[in-house]
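Welcome to a short tour of a protein model. Please have a look at the structure below before reading on.

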There are 2 protein chains.
Amino acid sequence: VAVEREANIANLPALYFEDLAVGQSASLIGTVSESDAIPFLDDMDNGEESLQEQFYSTEFYAARLRFGQYVTHGVYTASLINNVISTQLPGVGSVFLSQSFQYLAPVRIGDIITARVEIMELVYARRRVRLFCECLREGAPVLEGEAWIAVLSRSETLT
Amino acid sequence: VAVEREANIANLPALYFEDLAVGQSASLIGTVSESDAIPFLDDMDNGEESLQEQFYSTEFYAARLRFGQYVTHGVYTASLINNVISTQLPGVGSVFLSQSFQYLAPVRIGDIITARVEIMELVYARRRVRLFCECLREGAPVLEGEAWIAVLSRSETLT
């Protein structure tokens with residue numbers, strides 16, 4: 001089991017600054033689930049009645065829903081972006097410096113979202129990477145943003 | 001059980017735009033756990049050996065650690081901010097429009113983080129709220145940022 005786990009870790013990319021170039025990109029696809037759409041309610045028992053039905057059954061909360069269906073609050077799409085950065089580009093060991101997100105359109109349970117990041121700029125002096133970040137639903141952007149990430153160089157890894 | 005669940009939902013604040021004023025603030029406290037620090041590795045079996053030990057045992061990843069201890073990549077502190085916004089101020093039904101985060105200092109497993117948001121600006125024409133967001137560790141900021149949130153007004157709730 002321990003070997004499998006190590007293999008799991010080792011299979012994740014962890015790029016060094018020298019491996020990066022402007023224009024490199026990475027992406028993943030996620031489907032919005034009920035638990036993605038209604039986070040922070042972990043205490044609630046998810047029994048026979050679905051969380052979504054519960055929301056609809058509560059007039060007060062139903063009135064706060066938009067567009068006729070429960071809408072996620074952006075955290076899900078932002079987490080997909082962080083997932084691509086942390087596990088693909090630059091991968092494990094990325095040090096997040098700053099991020100911005102614009103939530104452009106509502107995201108609903110069942111939506112299929114492609115999260116994509118692309119390297120726009122490399123700052124050699126401080127090993128910093130600027131990534132353009134976007135989430136797309138059927139090709140249309142639902143999130144756009146930017147991230148600054150610090151990445152180790154190969155010469156630093158054995159110090 | 002259904003009643004308990006509804007009560008759980010109903011206990012969460014869900015403020016209307018009319019309830020808000022510049023200077024209002026809310027906060028919560030969280031402690032960084034191993035699973036917070038090493039997200040996106042859900043496939044891994046968390047058996048006798050801890051995830052943290054596994055990381056240390058892998059020379060390659062150990063070399064990518066900073067400051068002698070595994071450092072979270074900001075997602076945890078950002079999620080605390082989103083939690084305060086979604087469950088306290090303005091609470092359930094908040095529509096996230098945009099966010100920015102600056103990660104000012106590394107956050108480690110075991111750190112106790114206070115996430116705090118404060119209303120800085122209210123735009124009446126479009127029911128929008130600008131929040132200053134910060135995470136503090138022993139009083140020192142580890143995250144600073146801003147969020148624009150749209151909130152329903154009371155007159156909209158019964159349409």
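The report that follows covers confidence, a helix, the nonpolar core, a set of strands and some special backbone spots.

This is a predicted model, in which local features need pLDDT of at least 70 and side-chain atom pairs count only at pLDDT 80 or more, while totals for chains, interfaces and linings use all residues. Residues are numbered from 1 along each chain as its sequence is written, chains are lettered from A and ligands numbered from 1 in the order in which they are written, and side-chain values use heavy atoms, with hydrogens and water left out.

**Confidence**

Let us begin with how far the model can be trusted. Its scores are ipTM 0.75 and pTM 0.77. The pLDDT is the predictor's confidence in each residue, from 0 to 100. In chain A the average pLDDT is 74, and 64% of the residues score at least 70. Two stretches of chain A stay under 50: residues 1-10 and residues 39-68. Where pLDDT is low, the predicted coordinates should not be read in detail. Among the elements of chain A, helix H1 (residues 2-11) has the lowest mean pLDDT, 39, and strand E4 (residues 128-137) the highest, 97. Helices (H or I, at least four residues) and strands (E, at least two) are DSSP runs, numbered from the N terminus.

**A covered helix and the core**

Helix H5 of chain B spans residues 75-87 and reaches 18 Å from its first C-alpha to its last, close to the 18 Å expected at 1.5 Å a residue; the expected span is 1.5 Å times one less than the number of residues. Twelve of the 13 residues of H5(B) are buried. Buried means under 20% relative accessible area, exposed over 50%, and partly exposed in between (1.4 Å probe, protein chains only).

One buried residue of this helix is B:Thr77, which has a relative accessible area of 1%. Beyond its neighbours within four places in sequence, its contacts (heavy atoms within 4.5 Å) include B:Tyr103, B:Val107 and B:Leu143.

A nonpolar core is a set of buried Ala, Val, Leu, Ile, Met, Phe, Trp, Tyr and Cys residues joined through side-chain atoms within 4.5 Å. The largest one here has 60 residues, and those with the most contacts inside it include A:Val117, B:Ile81 and B:Ile85. Not counting residues up to four places away in sequence, A:Val117 touches A:Ile81, A:Ile85 and A:Leu131, among others.

**Strands side by side**

Strand E4(A) is mostly covered, with eight of its ten residues buried. Two strands pair if DSSP finds at least two bridges between them. E4(A) runs antiparallel to strand E3(A) (residues 112-123), with nine bridges, and antiparallel to E5(A), with ten bridges. One bridge puts A:Ala115 with A:Cys135, while A:Val129 stands opposite A:Ile149.

**Special backbone spots**

| Residue or bond | Feature | Value |
|---|---|---|
| A:Leu89 to A:Pro90 | cis peptide bond | omega near 0° |
| B:Leu89 to B:Pro90 | cis peptide bond | omega about 0° |
| A:Glu138 | positive phi | near 50° |
| B:Glu138 | positive phi | about 50° |

A:Pro90 lies in the loop between helix H5 and strand E2 of chain A. A:Glu138 sits in the turn of the hairpin of E4(A) and E5(A), which has two residues between the strands. Is A:Glu138 buried or exposed? A:Glu138 is exposed, with a relative accessible area of 82%. In chain B, B:Glu138 is also exposed, at 83% relative accessibility.
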